[in-house]
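Please look at the model shown here and follow one helix, a group of neighbouring strands and an enclosed space through it. The report below takes these topics in turn.

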Amino acid sequence: MKRQLTHDDIRAAVYGGAVLGGGGGGFVERGLRTAELALQIGIPELWSADEFAADDLTATVALVGAPAAPDPQVLPTHLLRALELLRRDLPRPLVAIHTNENGAETTINGWFHSAMTGLPVIDLACNGRAHPSSVMGAMGLHQEEGYLSSQGYAGGKPYAYVEGSVSGRLDATSNVVRRASVEAGGWVGVARNPVEVGYAVRNGAPGAIGSAIELGRRFLAGGVLGAAQHLGGEIAVTGTVREYRCEQREGLDVGVAVLDDAARTTLYIVNEYMALDVAGVRRASFPDLITTFDEDGQPLASAHVEVGKQVSVLVAPAENLLLSRTMYMPDVYAPVEELLGIEFAPAARVLADA
């Protein structure tokens with residue numbers, strides 16, 4: 001199916017993405033602004049994956065950085081520049097683009113690009129929820145022998161602006177881009193990892209954008225409980241933030257939030273919420289969805305959590321989400337677990353069944 005994205009899609013896509021962001025995936029206000037701008041300047045289109053030939057070339061458009069960084073800036077023009085830098089070096093033309101994940105800003109990744117270039121956005125994400133590392137959003141390409149990643153990036157305020165393109169091993173190129181995000185003040189827009197549509201369908205999360213829009217409509221109609229019901233989840237706990245620590249490490253937000261309830265509920269953060277402990281017992285862990293909402297019932301990014309704020313914590317099991325196969329690869333979890341000093345990767349039994 002091919003369709004034009006409309007103003008009716010904007011709030012649903014951004015708010016559905018905010019829920020699926022699990023604490024990361026960008027911010028609602030910026031997502032709304034970028035989506036509105038896309039529809040002001042052109043007509044972005046969303047196509048289902050079956051509209052393409054399996055060997056058509058697509059690429060991921062993404063944001064890379066630490067949401068709580070003190071001085072970030074990624075403008076729509078930076079997003080377009082990153083795509084231009086990627087396309088410049090490709091051996092054959094791109095036919096489409098797709099987002100890396102669902103989040104308040106990332107669900108609408110590609111809308112501005114589509115409005116400006118005419119490239120359609122595929123109703124597909126590298127992962128149907130937000131995730132902290134580029135490898136998690138690479139659809140298993142790090143395990144494909146001989147695959148060379150190409151990445152274009154751009155971002156930063158005028159005095160910290162960086163742009164460039166890089167090609168090489170996926171881990172090496174991702175590290176270069178992550179470092180560039182630090183130099184740019186916290187964020188860069190990225191276009192990366194060209195692959196054939198058939199590969200993206202097999203290894204990514206087809207239908208993820210439409211799914212986020214539907215979730216957003218349920219949230220806008222029924223609030224937090226409507227979202228929880230749609231996801232087959234529940235509000236696990238409500239409390240006031242007693243402790244909150246967050247620091248930028250290796251271009252990521254790394255921290256912990258502790259509530260003042262009797263169970264001393266603890267949330268572990270690497271951009272997104274990685275684990276939730278209640279009374280010292282693991283209640284949920286990534287890729288389960290753990291999302292916070294403020295006292296007005298609005299999605300609350302981990303970077304906006306503050307001591308004294310009341311939060312409600314929604315938990316939905318991973319099996320109810322559209323996830324890529326990277327979510328069940330133990331090696332992608334090791335660096336994130338090391339940052340937090342805890343273990344939370346899916347159990348070997350789950351990995352074997354995936």
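In this predicted model, helix H7 covers residues 208–231, and although a straight helix of 24 residues would span 34 Å at 1.5 Å a residue, the end C-alpha atoms of H7 are only 13 Å apart. Where does H7 bend, and by how much? The bend lies at Gly 222 and amounts to about 140°. Several residues of H7 are buried, among them Ala 208, Ile 209, Ala 212, Ile 213, Leu 215, Gly 216 and Phe 219, and the buried residues also include Val 224, Gly 226, Ala 227, Ala 228 and Leu 231. In general, an α-helix has 3.6 residues a turn, so residues three or four places apart point the same way. After H7 comes Gly 232, which has a positive phi near 65°.

The next topic is a set of strands joined by turns. Strand E13, made up of residues 272–278, has six of its seven residues buried, so this strand is largely enclosed by the rest of the structure. Strand E12 (residues 266–270) pairs with E13, and strand E14 (residues 281–285) pairs with E13 as well. The two pairings are set out below.

| Strands | Sense | Bridges | Residues standing opposite |
|---|---|---|---|
| E12 and E13 | antiparallel | five bridges | Ile 269 and Tyr 273 |
| E13 and E14 | antiparallel | four bridges | Ala 275 and Ser 285 |

E12 and E13 form a hairpin with one residue between them, and Asn 271 in that turn has a positive phi of about 60°. E13 and E14 likewise form a hairpin, with two residues between them, and here Ala 279 in the turn has a positive phi of about 55°.

The last topic is empty space inside the model. Rolling a probe the size of a water molecule over the atoms shows where empty space is left. With a threshold of 30 Å³ or more, the count comes to one cavity, and the largest cavity holds about 150 Å³ of space. This cavity is lined by 19 residues, of which Leu 63, Glu 101, His 131, Pro 132 and Asn 271 are the closest to its centre; Asn 271 is also the residue in the turn between E12 and E13. Which elements give two or more residues to the lining of the largest cavity? They are strand E3 (57–65) and strand E8 (187–196), and E3 provides the largest share, three residues. Sorted by class, the lining of the largest cavity consists of five nonpolar, ten polar and four charged residues.

How values were computed:
Residues numbered from 1 in each chain as written. Predicted model: local features only at pLDDT ≥ 70, side-chain atom pairs only at ≥ 80, totals over all residues. Heavy atoms only, no water. 1 Å grid on protein atoms, 1.4 Å probe; cavity = no way out; pocket = protein on both sides within 12 Å on 5 of 7 lines; lining within 4 Å. Points joined across faces, edges and corners; volume = space filled by probe spheres on them. Nonpolar A, V, L, I, M, F, W, Y, C, P; charged D, E, K, R; others polar. Buried < 20%, exposed > 50% of the residue type's maximum accessible area, 1.4 Å probe, protein only. Pairing = 2+ DSSP bridges. Expected span 1.5 Å × (residues − 1). Bend = angle between axes of the 7 residues up to and from the residue.
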